Amino acid sequence: MLGGSRSGRPWPERARLAAAFTVGNVLGGTVAAAVAAVVAGFLSPVPIGLLLAVTTTVLLAFFVLDFAGRTDLLPQRARQIPQEVFHHGIVRGAFRFGFEYGTGSRTHITSVAPFVPLWLLLSLNLEVHMALMVGAGFGAGRALPVIAHLGLGSSQWDTNTDRQARMVAVLGSVSSAVLAGYVAVLWL
Amino acid sequence: MAEPALTRIADRPSTQLSAALAAALVVVAVGHQFVLGSFLVLVGLLAGISLSGSV
């Protein structure tokens with residue numbers, strides 16, 4: 001994606017790419033969370049019990065789809081981010097790619113994971129700054145593996161990813177859901 | 001003679017106890033916000049990392 005094998009690009013350029021991509025991701029995640037917070041505001045007249053029952057049922061159904069290996073049935077935009085984002089320079093492209101990638105709604109979704117923070121945002125109607133924290137964390141989490149990719153070099157990254165991607169997806173989404181449930185208990 | 005009066009009030013154990021309780025409440029409130037905030041960031045972070053297969 002960002003073409004970062006260990007020998008492919010000099011270190012300063014990789015650092016610039018990583019920084020632009022990370023900032024883009026965090027910003028994208030924050031914007032997506034802000035949109036979710038606005039939607040949550042519209043849902044606020046719905047009784048919290050009903051809202052929690054509906055959103056939790058939907059989230060559990062998404063978990064079942066994930067564990068059944070049918071992530072293709074999850075709501076998503078099932079196409080890749082177009083390469084045209086890099087037409088105005090590689091660093092600017094990394095930022096724009098990161099922004100779209102960080103929203104979590106612009107490309108394929110390979111795990112139920114992004115629906116966990118969405119559940120949290122829609123169910124609890126958190127204060128705006130709290131919603132933005134969730135979004136910023138999501139964007140940073142989205143950027144982290146790619147930054148590791150840039151740092152490790154593509155061949156080592158691909159080997160590690162092939163072996164561990166599914167385990168990371170399952171562990172990450174389950175632990176994220178458990179933590180989100182705990183936050184809900186603290187919040188309510 | 002306002003200063004000695006304030007000093008006398010500040011020297012009272014009840015004043016010091018109240019101040020200590022107020023400080024503890026502030027610490028707990030800030031700590032609660034900090035813990036909640038950290039958890040919120042962590043929920044997002046874990047979810048984001050879980051999508052590493054889609055790189």
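**A tour of chain A and its contact with chain B**

Begin by selecting chain A, whose secondary structure comes to six helices and zero strands; keep in mind throughout that this is a predicted model. Followed from the N terminus, the elements of chain A run α-α-α-α-α-α. If you colour chain A by burial, buried residues make up 40% of its 188 residues. Turning to contacts within chain A, and taking those with a separation of 6 or more, you will find that 85% of them are between residues 24 or more positions apart.

Next, select helix α3 of chain A, residues 90-102. This helix has 13 residues, which at 1.5 Å a residue should span 18 Å, and its end C-alpha atoms are 17 Å apart, so the expected and modelled lengths agree. Show the side chains along α3(A), where the buried residues are G93(A), A94(A), F95(A), R96(A), F97(A), G98(A), F99(A), Y101(A) and G102(A). Then step past the end of the helix to G104(A), which follows α3(A) and has a positive phi, near 75°.

Finally, bring chain B into view and select the contact between the two chains, which takes 41 residues from chain A and 19 residues from chain B. On the chain A side, the elements that give two or more residues are α4 (115-124), α5 (128-152) and α6 (154-187). Of these, select α5(A) before the others, since α5(A) gives the most to this side, with 15 residues. Colouring the side of chain A that touches chain B by residue class shows 24 nonpolar, 15 polar and two charged residues.

How values were computed:
Residues numbered from 1 in each chain as written. Chains lettered and ligands numbered in written order. Predicted model: local features only at pLDDT ≥ 70, side-chain atom pairs only at ≥ 80, totals over all residues. Helix = DSSP H or I, 4+ residues; strand = E, 2+ residues; numbered from the N terminus. Buried ≥ 20, exposed ≤ 12 C-beta atoms within 10 Å, placed from the backbone. Contact = placed C-beta atoms within 7 Å. Nonpolar A, V, L, I, M, F, W, Y, C, P; charged D, E, K, R; others polar. Expected span 1.5 Å × (residues − 1).
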